[in-house]
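I opened my notebook to work through this structure one lookup at a time. My entries are below, in the order I made them.

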Amino acid sequence: AAAIQASAGAAVEAMKAGRHDEAIAKFQEVIAKVPTCQDCYYNIGVSQMATQKFTEAEASFKKAIELKPDNADAYTALANLYNSQKKFDLAAEASANAAKYAAAGGGGGAEASYNQGVILFNAGKFAEAKTQFEAATKADPNHSMAQYQLGMTSLNLGQIPEAVAALEAYLKVDPNGPKAAEVKSALPALQQMLKK
């Protein structure tokens, strides 16, 4: 048991340090002794995704789900993987499972809803996407990217007041965030539209 703990600890440290090949090797040492380690498969998948080994990552996440069918994190990771590959139908299915199991487990709701929203947004389903972003911001009002996406989705739907409110909320939560400059340049014109 001590050797397994040592390997798992070393794997997590390697992963945090960005030494993904080392992390994968260490997690595989643990799996050799504990074949049912679903966390190991999940973490291997995360490291494989980080190193662009998408086919292997998909297999690892699916193995984690096979070992723990209600693994919301593994479904969320699969949704992100499929979304990055523009496999929107598969992404939507994985994200729906993530949301279902996160809700059942009482956690992870904001991230699962946000991911579902991104998938729907990318598929051009703006009304459905908006519902998911609203759920994400309700579950976690400080989820800045959910606020941003809610704003952009509202814009696409021509709902200027909702867009302004969400983009203002984004700036309040993350004034120097990755989208802050874009939002600061767009907001004045949108706010002017509300005054007309």
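What follows is a set of short entries, from the whole chain down to single residues.

**Entry 1: the whole chain**

I noted at the outset that this is a predicted model. I then counted elements and found 11 helices and zero strands in the protein chain. Reading from the N terminus, I wrote the order down as α-α-α-α-α-α-α-α-α-α-α. For the overall extent, I looked at the C-alpha atoms, which fill a box of roughly 70 × 30 × 30 Å along the principal axes. I also looked up burial: of the 196 residues in the protein chain, 41% are buried. For contacts with a separation of 6 or more, I found that 41% join residues 24 or more positions apart.

**Entry 2: salt bridges**

How many salt bridges does a search of the whole structure find? I got seven. As a reminder to myself, side chains of opposite charge can pair when their charged atoms come close. I followed up three of the pairs.

I started with lysine 26 and glutamate 29, whose side chains meet at 3.9 Å, N to O. I noted that a salt bridge needs the nitrogen within 4 Å of the carboxyl oxygen, so this pair qualifies. Both residues sit in helix α2, which covers residues 20–33. They are three residues apart, about one turn of the helix. Lysine 26 is partly exposed at 25% relative accessibility, and glutamate 29 is partly exposed at 33%.

I went on to lysine 62 and glutamate 58, which form a salt bridge at 3.2 Å, N to O. I placed both in helix α4, residues 54–67. Their spacing is four residues, again written down as about one turn of the helix. Is glutamate 58 buried or exposed? Glutamate 58 has 16% relative accessibility, and buried means under 20%, so I put it down as buried. Its partner lysine 62 is partly exposed, at 44%.

My third pair was aspartate 70 with lysine 68, a salt bridge at 3.6 Å, N to O. Aspartate 70 is partly exposed with 40% relative accessibility. Lysine 68 is partly exposed too, with 34%.

**Entry 3: α4 against α5**

Next I looked at how α4 meets α5. Their axes come within 9 Å and cross at roughly 155°. Angles over 145 degrees count as roughly antiparallel, so I recorded that arrangement for α4 and α5. I marked the crossing of α4 and α5 as left-handed.

Which residues make the contact? From α4 I listed Phe54, Ala57, Glu58, Phe61, Lys62, Ala64 and Ile65. From α5 I listed Ala74, Tyr75, Ala77, Leu78, Leu81 and Tyr82. Sorted by type, the residues of this contact are 11 nonpolar, no polar and two charged. I was pleased to meet Glu58 and Lys62 again in this contact, having just written them down as a salt-bridge pair.

**Entry 4: positive phi in two loops**

I then looked up backbone angles. Glutamine 52 has a phi near 65°, a positive value in a residue other than glycine. I found glutamine 52 in the loop between α3 (38–50) and α4. With a relative accessible area of 56%, glutamine 52 is exposed.

Lysine 86 gave me a second case, with phi near 60° and likewise not a glycine. Where is lysine 86? I located lysine 86 in the loop between α5 (72–84) and α6 (88–105). Its relative accessible area is 64%, so lysine 86 goes down as exposed.

**Entry 5: glutamine 116**

I picked glutamine 116, in helix α7 (residues 109–122). At 10% relative accessibility, glutamine 116 counts as buried. What does glutamine 116 touch, leaving out residues up to four places away in sequence? I wrote down Ala92, Ser95, Ala96 and Gln132.

**Entry 6: aspartate 39 and a distance**

My last lookup was aspartate 39, which lies in helix α3. Aspartate 39 is partly exposed, at 46% relative accessibility. I also checked the spacing from aspartate 39 to methionine 145, which are 106 residues apart along the chain. Their C-alpha atoms are separated by 27 Å.

Notes: Residues are numbered from 1 along each chain as its sequence is written. This is a predicted model: local features need pLDDT of at least 70, side-chain atom pairs count only at pLDDT 80 or more; totals for chains, interfaces and linings use all residues. Side-chain values use heavy atoms; hydrogens and water are left out. Buried means under 20% relative accessible area, exposed over 50%, partly exposed in between (1.4 Å probe, protein chains only). Axes are lines fitted to C-alpha atoms, for helices over the stretch in contact, and angles run from 0 to 180 degrees between N-to-C directions. Angles under 35 degrees count as roughly parallel, over 145 as roughly antiparallel, 65 to 115 as roughly perpendicular and the rest as oblique. A crossing is left-handed if the near helix is turned anticlockwise from the far one by less than a right angle, and right-handed if clockwise. Contact means heavy atoms within 4.5 Å. Ala, Val, Leu, Ile, Met, Phe, Trp, Tyr, Cys and Pro count as nonpolar, Asp, Glu, Lys and Arg as charged, and the others, Gly among them, as polar.
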